[in-house]
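User: I'm new to this structure and would like to learn how to read it. Can you walk me through a few features?

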Amino acid sequence: MARVFITGSSDGLGRMAAQLLIGQGHTAVLHARNQRRGEEAMSAVPGAEAVVIGDLTSIAQTLDVAEQVNALEPFDAVIHNAGIGYREPRRIATEDGLPHVFAVNTLAPYILTARIQKPKRLVYLSSGLHRNGDASLNDLAWEHRPWQGQQAYSDTKLHDVLLAFAIARRWPQVFSNALEPGWVATKMGGPGAPDDLDAAHRTQVWLAVSDDPAAAVTGEYFYHKQLRKPNPASRDAGKQEELLEACKRISGVDLATD
Ligand SMILES: NC(=O)c1ccc[n+]([C@@H]2O[C@H](COP(=O)([O-])OP(=O)(O)OC[C@H]3O[C@@H](n4cnc5c(N)ncnc54)[C@H](OP(=O)(O)O)[C@@H]3O)[C@@H](O)[C@H]2O)c1
């Protein structure tokens with residue numbers, strides 16, 4: 001049985017993944033943005049071991065999340081699931097001056113990957129929209145471009161795939177993969193989302209814990225437990241390094257080379 005930490009598990013696919021893991025006999029540690037959401041998460045996921053608190057829009061709080069995680073027993077897997085969507089109407093700046101969506105969807109998984117003691121498996125939630133992501137990696141902080149919420153989201157979801165593949169390349173002893181869950185009716189997906197909600201959280205759980213040889217791989221991209229072709233730019237090692245370098249510059253956090 002595995003111990004799994006899931007970011008953004010107070011709602012949506014993260015919460016469903018935690019419930020499924022516990023139902024399978026695994027240990028799940030939750031994460032929520034604040035104390036109140038943490039309490040709500042713990043009551044919605046009976047059997048969860050603990051909840052870690054921190055708002056991922058803040059670099060300082062994200063670093064603290066990593067410290068809280070490291071104070072617990074080591075984890076077999078970490079699922080980088082927390083995310084915010086494509087409907088942000090304007091560039092909302094965080095306390096660090098970054099766009100909200102970049103801070104939560106790109107920088108937080110980078111910082112947590114760098115600072116949490118290495119697990120055996122890492123899983124990153126991307127989206128089909130990553131195929132529209134801007135592979136130039138120019139203006140990551142949206143200081144020069146006019147704001148476009150859907151483009152900003154798509155960019156960050158490409159970053160998540162670049163991050164997963166960068167880790168797979170740099171840390172060969174860790175399985176690091178990305179996936180798209182489909183467009184489903186969570187808070188983010190909205191009530192009219194057309195895809196199968198009941199299938200949407202299963203791939204992240206499978207990649208985190210399954211002994212199925214198809215899940216025991218690294219540097220791959222999945223949809224519903226099947227390999228799917230990602231944006232070819234995500235395979236570019238130069239782009240992967242460029243993203244890591246930018247995240248390091250912005251956050252001040254270094255990533256181990258192996
Ligand atoms: N739903 C879809 O159709 C879809 C499609 C493609 C990809 N995805 C990806 O799937 C992942 C999960 O999405 P979802 O649909 O489950 O979304 P969701 O229902 O909106 O849940 C997102 C989770 O992330 C947490 N979160 C957001 N901002 C946070 C912050 N600043 N600090 C801490 N926690 C934060 C939320 O906390 P609160 O509950 O407190 O808000 C919630 O627990 C995301 O990475 C998303 O990009 C979803």
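User: Which side chain has an N or O atom 2.9 Å from a nitrogen atom of the ligand?

Analyst: Keep in mind that this is a predicted model. To spot a polar contact, look for a pair of N or O atoms within 3.5 Å. Here the side chain belongs to Asp55, with its N or O atom 2.9 Å from a ligand nitrogen. Once the ligand is in place, the protein buries 95% of the 900 Å² that the ligand exposes when taken alone.

User: What about the oxygen atoms of the ligand: which residues lie 2.8 Å and 3.1 Å from one?

Analyst: Check both side chains and backbone. Arg33 places a polar side-chain atom 2.8 Å from a ligand oxygen. With Gly8, a backbone N or O atom is the partner, 3.1 Å from an oxygen of the ligand.

User: How many residues surround the ligand, and which are the closest?

Analyst: For this, you collect the residues with a heavy atom within 4 Å of the ligand. That gives 31 residues, and the closest are Leu13, Arg37, Tyr153, Thr186 and Lys187. Sorted by kind, the shell holds 11 nonpolar, 14 polar and 6 charged residues. Helix H1 (12-23) supplies at least two of the shell residues, and so does helix H5 (149-170). As for the space itself, the ligand takes up the largest pocket.

User: Let's turn to the backbone. What is special about phi in Leu137?

Analyst: Start with the general idea: most residues other than glycine have a negative phi. Leu137 isn't a glycine, yet its phi is positive, near 60°. You'll find Leu137 in the loop between S5 and H5. Trp142 is in the loop between S5 and H5 too, and its phi is also positive, near 50°.

User: Are Leu137 and Trp142 buried or exposed?

Analyst: Compare the relative accessibility with the cut-off: under 20% means buried. Leu137 has 7%, so it counts as buried. Trp142 is buried as well, because its value is 5%.

User: Where is Lys118, and why does it count as partly exposed?

Analyst: Look in the loop between helix H4 (100-115) and strand S5 (121-125) for Lys118. Partly exposed covers the range between the 20% and 50% cut-offs. Lys118 has 31% relative accessibility, so it counts as partly exposed.

User: What separates the C-alpha atoms of Lys118 and Gln148?

Analyst: Here you can set position along the chain beside distance in space. Lys118 and Gln148 are 30 residues apart along the chain, and their C-alpha atoms are separated by 35 Å.

Terms used
Residues are numbered from 1 along each chain as its sequence is written. This is a predicted model: local features need pLDDT of at least 70, side-chain atom pairs count only at pLDDT 80 or more; totals for chains, interfaces and linings use all residues. Side-chain values use heavy atoms; hydrogens and water are left out. A polar contact is a pair of N or O atoms within 3.5 Å; within protein, one must be able to donate a hydrogen and the other to accept it, and residues adjacent in sequence count only if both atoms are side-chain atoms. Accessible areas come from the Shrake-Rupley method with a 1.4 Å probe; for residues, only the protein chains shown count as cover. On a 1 Å grid over the protein atoms alone, a cavity is a set of points where a 1.4 Å probe fits but cannot get out, and a pocket is an open set with protein on both sides within 12 Å along at least five of seven lines; lining residues have an atom within 4 Å of a point. A molecule sits in a cavity or pocket if more than half of its atoms lie within 2 Å of its grid points. Helices (H or I, at least four residues) and strands (E, at least two) are DSSP runs, numbered from the N terminus. Ala, Val, Leu, Ile, Met, Phe, Trp, Tyr, Cys and Pro count as nonpolar, Asp, Glu, Lys and Arg as charged, and the others, Gly among them, as polar. Buried means under 20% relative accessible area, exposed over 50%, partly exposed in between (1.4 Å probe, protein chains only).
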